[in-house]
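Biologist: Hey, can you walk me through this one? I'd like to start with the charged pairs, and I could use a reminder of the term first.

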Amino acid sequence: GGVINSGPQASGLLKKLVNTTDFPCTLTLMGLGALPASDKHFLGMLGMHGTYEANMAMHDCDVMLCIGARFDDRVTGRIDAFSPNSTKIHIDIDPSSINKTVNVDVGIIGDVSHVLGDMIKIWERSKNRCDEKAIKSWWKIINRWRERKSLSYDKSSKLIKPQYAIERLYELTKTNSEVYITTEVGQHQMWAAQHYHFEQPNRWMTSGGLGTMGYGLPAAIGVQLAHPKALVIDIAGEASILM
């Protein structure tokens, strides 16, 4: 979420870092759109509602670069079992977030866009480069996890499943660059995060750790006021919309 909050420049720098290094990248619920969903390095969302490949890569990595995320318990699960063998680097604008939940090896305090800009400059000046053989081997493992297709579901000819409805919504709106999706809070929120694919930042309006049921409809009204000509869609569950 810190990448989104830092502004569009930060999302551009994240994409540049990922494509320069060939490192895999996952995003939290609040970070969706910070890296285009179509980018080959994107592993999907992380956490208990995330993809198998994203969670396995986070668990097995040897270096974790956490950019503007807060190590929510929906992401970490048991702290003592969270990515136990990795060297952890955490970038955050708020000093109190460093070592708050997960102890890290390197804490960097600063605005994400400034820090990423400096990291890329240092990387480009440095003679050190990734071990291409090791990276290829790592991607081979990740692609085996991807083959599990963890978000697949049994399609039905008798009823419209929520996952299918969101997939169709995405297919029918993906060519429109001015589409904004809001959600309430609940299972429909997770289906939307999994099956609607965001290519840009600030197109995904959803309640974070507070878990505010009833958020989506007023958020959609606000987004429509800010962008009168845009298509704004609130994906809602019946309980949340009653709120």
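Modeller: Sure. A salt bridge is a side-chain nitrogen of Lys or Arg within 4 Å of a carboxyl oxygen of Asp or Glu. Keep in mind that what you're looking at is a predicted model.

Biologist: Okay, so how many salt bridges does the structure hold?

Modeller: It holds 6 salt bridges. One of them joins Arg 203 and Glu 178, with 3.3 Å from N to O. That pair links distant parts of the chain, 25 residues apart: Arg 203 is in the loop between α8 and β7, and Glu 178 is in the loop between α7 and β6.

Biologist: Is Arg 203 buried or exposed?

Modeller: Arg 203 counts as buried, because its relative accessibility is 13% and the cut-off for buried is under 20%. Its partner Glu 178 has 31%, so Glu 178 counts as partly exposed.

Biologist: Got another pair for me?

Modeller: Asp 72 forms a salt bridge with Arg 70, and their closest N and O atoms are 3.2 Å apart. Asp 72 is partly exposed at 21% relative accessible area, and Arg 70 is partly exposed too, at 46%. Then there's Arg 74 with Asp 73, where the closest N and O atoms are 3.5 Å apart. Both Arg 74 and Asp 73 are exposed.

Biologist: Phe 71 sits in that stretch as well. What's its phi like?

Modeller: Phe 71 has a positive phi of about 55°, although it isn't a glycine. You'll find it in the loop between β3 (63-67) and α4 (73-76). Phe 71 is also buried, with a relative accessible area of 8%.

Biologist: Which other residue has a positive phi without being a glycine?

Modeller: Asp 22 does, with a phi of about 70°. It lies in the loop between α2 and β1 and is partly exposed, at 28% relative accessible area. The side chain of Asp 22 also makes a polar contact of 2.8 Å with the side chain of His 41.

Biologist: Where does His 41 lie?

Modeller: In the loop between β1 (25-27) and β2 (42-45). It counts as buried, because its relative accessibility is just 2%. Setting aside neighbours within four places in sequence, its contacts include Val 18, Phe 23, Trp 139 and Arg 146.

Biologist: What else is in that loop?

Modeller: Pro 36 lies in the loop between β1 and β2 as well, and at 13% relative accessibility it counts as buried. Not counting residues up to four places away, Pro 36 touches Lys 15, Phe 42, Phe 198 and Glu 199. Also, Pro 36 and His 197 are 161 residues apart in sequence but 8.1 Å apart in space, C-alpha to C-alpha.

Biologist: Switching topic: what about the greasy stuff inside?

Modeller: In soluble globular proteins, nonpolar side chains tend to be buried together. Here, the largest nonpolar core has 33 residues, and the ones touching the most other members are Leu 14, Leu 27, Leu 32, Ile 181 and Trp 204. Helix α2 (residues 8-21) gives the most to this core, with 5 residues. Apart from it lies another core of 20 residues, and Phe 71 from earlier is among them, along with Cys 66, Val 75 and Phe 82.

Biologist: And what is Leu 32 in contact with?

Modeller: Leaving out neighbours within four places in sequence, it's in contact with Ile 4, Leu 27, Phe 42, Met 45, Ala 193, Phe 198 and Trp 204.

Biologist: Ala 193 is in α8, right? How many residues of that helix are buried?

Modeller: Ala 193 is one of the buried residues of α8. In α8 (residues 187-195), 7 of the 9 residues are buried, so the helix is largely enclosed by the rest of the structure. Those buried residues pack against β2, α7 (162-173), β6 (179-183), β7 (204-205), β8 (231-235) and α10.

Biologist: Last one: which residues make the nonpolar patch on the surface?

Modeller: Leu 217, Ile 221, Leu 225, Ile 241 and Leu 242 make it, and it covers about 560 Å². The elements giving two or more residues are α9 (216-226) and α10 (238-242), and α9 gives the most, with 3. Leu 225 is in helix α9, and it counts as exposed because its relative accessible area is 67%, where exposed means over 50%.

Technical notes
Residues numbered from 1 in each chain as written. Predicted model: local features only at pLDDT ≥ 70, side-chain atom pairs only at ≥ 80, totals over all residues. Heavy atoms only, no water. Patch = residues over 30% accessible without salt bridge, like charges linked within 9 Å, V, L, I, M, F, W, Y side chains within 5 Å. Areas by Shrake-Rupley, 256 points an atom, 1.4 Å probe, with all protein chains shown as cover. Helix = DSSP H or I, 4+ residues; strand = E, 2+ residues; numbered from the N terminus. Buried < 20%, exposed > 50% of the residue type's maximum accessible area, 1.4 Å probe, protein only. Core = buried A, V, L, I, M, F, W, Y, C linked by side-chain atoms within 4.5 Å. Contact = heavy atoms within 4.5 Å. Polar contact = N/O pair within 3.5 Å; in protein donor to acceptor, adjacent residues only side chain to side chain.
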